[in-house]
Number of protein chains: 2
Amino acid sequence: MTRYKLVVEYHGGDFVGWQRQDNGPSVQASIEQAVADFCGETVVASASGRTDAGVHALGQVVTLDISKDTDANTVCKALNAHLRDVRVAVLQADAVAEDFHARFSATGRRYRYRIVNRRAPLALDEGLAWFVPVPLDADAMHVAAQCLVGHHDFSSFRASQCQANSPMKTLDEISVARHGEDIHITVAAKSFLHHQVRNIVGTLKLVGEGKWNSDDFRAALEACDRSAAGPTAPAHGLYFVGVTFE
Amino acid sequence: MTRYKLVVEYHGGDFVGWQRQDNGPSVQASIEQAVADFCGETVVASASGRTDAGVHALGQVVTLDISKDTDANTVCKALNAHLRDVRVAVLQADAVAEDFHARFSATGRRYRYRIVNRRAPLALDEGLAWFVPVPLDADAMHVAAQCLVGHHDFSSFRASQCQANSPMKTLDEISVARHGEDIHITVAAKSFLHHQVRNIVGTLKLVGEGKWNSDDFRAALEACDRSAAGPTAPAHGLYFVGVTFE
C-alpha cells in the first residue's frame with residue numbers, strides 16, 4: 001500500500017464542497033470514484049482544507065492510499081483521465097510516507113479572495129470572482145486588515161455552524177492589493193474557522209467603500225460577536241491556494 | 001438620433017459568433033435585443049471584429065444608433081441590465097460622431113491567444129484557453145513568428161471560406177511570451193483574414209514543440225498555400241482585445 005499526495009485544482013461551482021454529502025456532487029466523491037475507476041479500490045480521500053460549496057482550489061492537497069502496484073506519474077495521468085468529465089484536475093502526484101496526512105500534517109494554509117471591482121458585470125469571470133460595482137479603496141482595506149494579524153478570538157468572523165473547539169486562531173498574514181480591476185485578498189494561517197475568510201472579506205468591503213474606518217473594523221474584531229461584523233462574502237470569489245507542511 | 005460607441009466583453013463559448021445567424025444565439029442579436037428592451041428601437045449593431053463562434057472579447061467595439069433622448073451612462077447601465085442573463089457586458093458607452101463606425105473607422109485591431117501549457121487538464125480555465133500538454137518553447141515560437149511582421153501574402157494562414165478580396169495583409173506586431181504556465185500570443189494589424197490568428201497559432205505550436213524550426217515556419221508563409229501551414233488552433237483560446245481608431 002502506498003500513500004499518495006495529490007495537488008488538486010477544481011472549480012467549486014460544480015460541487016457541494018470538498019466533503020462527500022448526500023445532496024450533490026462533491027470533490028471528494030469525484031476523486032474517490034476516479035480511484036475506483038482506475039484500480040477498483042475503495043479509498044477515503046483526505047484534504048488539507050474542507051472547502052465549502054462554490055469555493056475553488058488552485059492547490060488543494062489530498063492524501064489517499066492505493067494498494068495496486070503503480071507509481072505517482074501513472075496515478076496522476078489515470079486520475080485525470082477518469083476525471084475528464086468534471087472540473088477537477090490533478091496537478092501533481094507524489095508517493096509520501098505512510099504517516100503523512102493532508103489535514104493533520106499541514107502547518108499552513110493559504111487562501112486568496114478575488115474581487116472584480118468595476119461598474120460592468122462580469123462576462124468572462126462570472127463565477128470566478130465577486131463582482132463589486134461600488135469603488136473600493138484597497139489600500140484602506142489593507143491597513144484596516146492588519147489588526148487581524150496575530151493570535152485573536154475570531155468569534156466575530158466565525159460561522160454559527162463552525163465546529164472548531166475554540167474561536168482562538170493565529171492569522172499569520174493578510175494583504176489586500178489592487179491589480180487593475182482586480183482586488184486580491186490573501187490570507188495565511190495554520191488553520192481557519194468556518195467562513196472566517198469570507199466573513200473577513202465581507203467586513204473589509206465595508207471599509208473599502210468608506211462605510212467603516214479602521215477603528216470600526218478593529219471594534220468588530222474586539223466585539224467577539226458575529227453580529228458586530230459584516231456579511232459573508234460569496235463563495236465563488238474564494239480560492240484555496242496552497243498548503244505548507246513541516 | 002445619437003450614435004453610441006460601446007466597449008463590450010463577452011464569453012464566446014455561449015455564441016455562434018458576433019454575427020447574427022439562424023443557427024443559434026449571437027452577440028450581435030443579444031445586444032440588439034437589449035436595445036429593443038431598453039427603448040423599443042430596432043437597431044443594427046456593427047462591430048470592429050466579427051469574431052467566430054467560441055472566440056471571446058475583452059474589448060470589442062460596437063456602434064449603434066438610438067433615437068431616444070438619453071445619455072451614454074444610461075445606455076451602458078440599461079444594456080447591462082437587459083444583458084444580465086447572457087455573458088455579455090458593456091464596459092463603457094460614449095456618444096460619438098455620426099460618421100464614426102466600429103468597423104470602418106478602425107485603424108488597428110489586437111488579438112491575444114492564450115495557451116495553458118502544462119500536463120494537467122484545466123479545471124478553472126476550461127473554455128478560456130487552449131490546453132496544450134506537450135512542453136512548448138515560447139522563445140522559439142517568438143523568434144519564428146517575427147518573419148510574419150510586415151506586408152505579406154498570408155494565403156497559408158487564410159481560411160478557405162475567407163471573404164477578403166486579397167490575401168495581402170500587414171501584420172504590425174506579433175509576440176509570444178510565457179507567464180508561468182500561460183503562453184500569450186499577441187498580434188496587431190489593421191485587419192485580419194478569416195482564421196488568420198488561429199492558423200498562425202496552430203502553426204507556431206509546431207515550432208514550440210520542436211517539430212518545426214524557424215526556417216520551416218518561414219517556408220510555410222512563403223508557400224502561400226494553406227496546406228503548407230499547420231492546423232487551426234481552437235477558438236476558445238482567442239480573445240479580441242481591443243481596437244484603435246484614428
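Buried means under 20% relative accessible area, exposed over 50%, and partly exposed in between (1.4 Å probe, protein chains only). This is a predicted model, where local features need pLDDT of at least 70, side-chain atom pairs count only at pLDDT 80 or more, and totals for chains, interfaces and linings use all residues. Residues are numbered from 1 along each chain as written, chains are lettered from A and ligands numbered from 1 in written order, and side-chain values use heavy atoms, with hydrogens and water left out.

**Exercise 1.** Work out which rotation superposes chain B on chain A.

*Solution.* Step one: superpose the copies by least squares on the C-alpha atoms of residues with pLDDT of at least 70 in both. Step two: read off a rotation of 180° with 0.0 Å of shift along its axis, at RMSD 0.0 Å. That's the relation of a two-fold axis. Step three: look for the residue of chain B that comes closest to the axis, and you land on Asp125(B), its C-alpha at 5.0 Å.

**Exercise 2.** Find the salt-bridge partner of Asp125(B) and say whether each residue is buried or partly exposed.

*Solution.* First, apply the criterion: a side-chain nitrogen of Lys or Arg within 4 Å of a carboxyl oxygen of Asp or Glu. Arg114(B) fits, with the closest N and O atoms 3.0 Å apart. Next, accessibility: Asp125(B) is partly exposed at 24%, while Arg114(B) is buried at 14%.

**Exercise 3.** Name the residues that Glu9(A) is linked with in a network of salt bridges.

*Solution.* Start at Glu9(A) and follow the network: Arg118(B) and Glu181(B) belong to it. Then zoom out: the whole structure holds 24 salt bridges over all chains.
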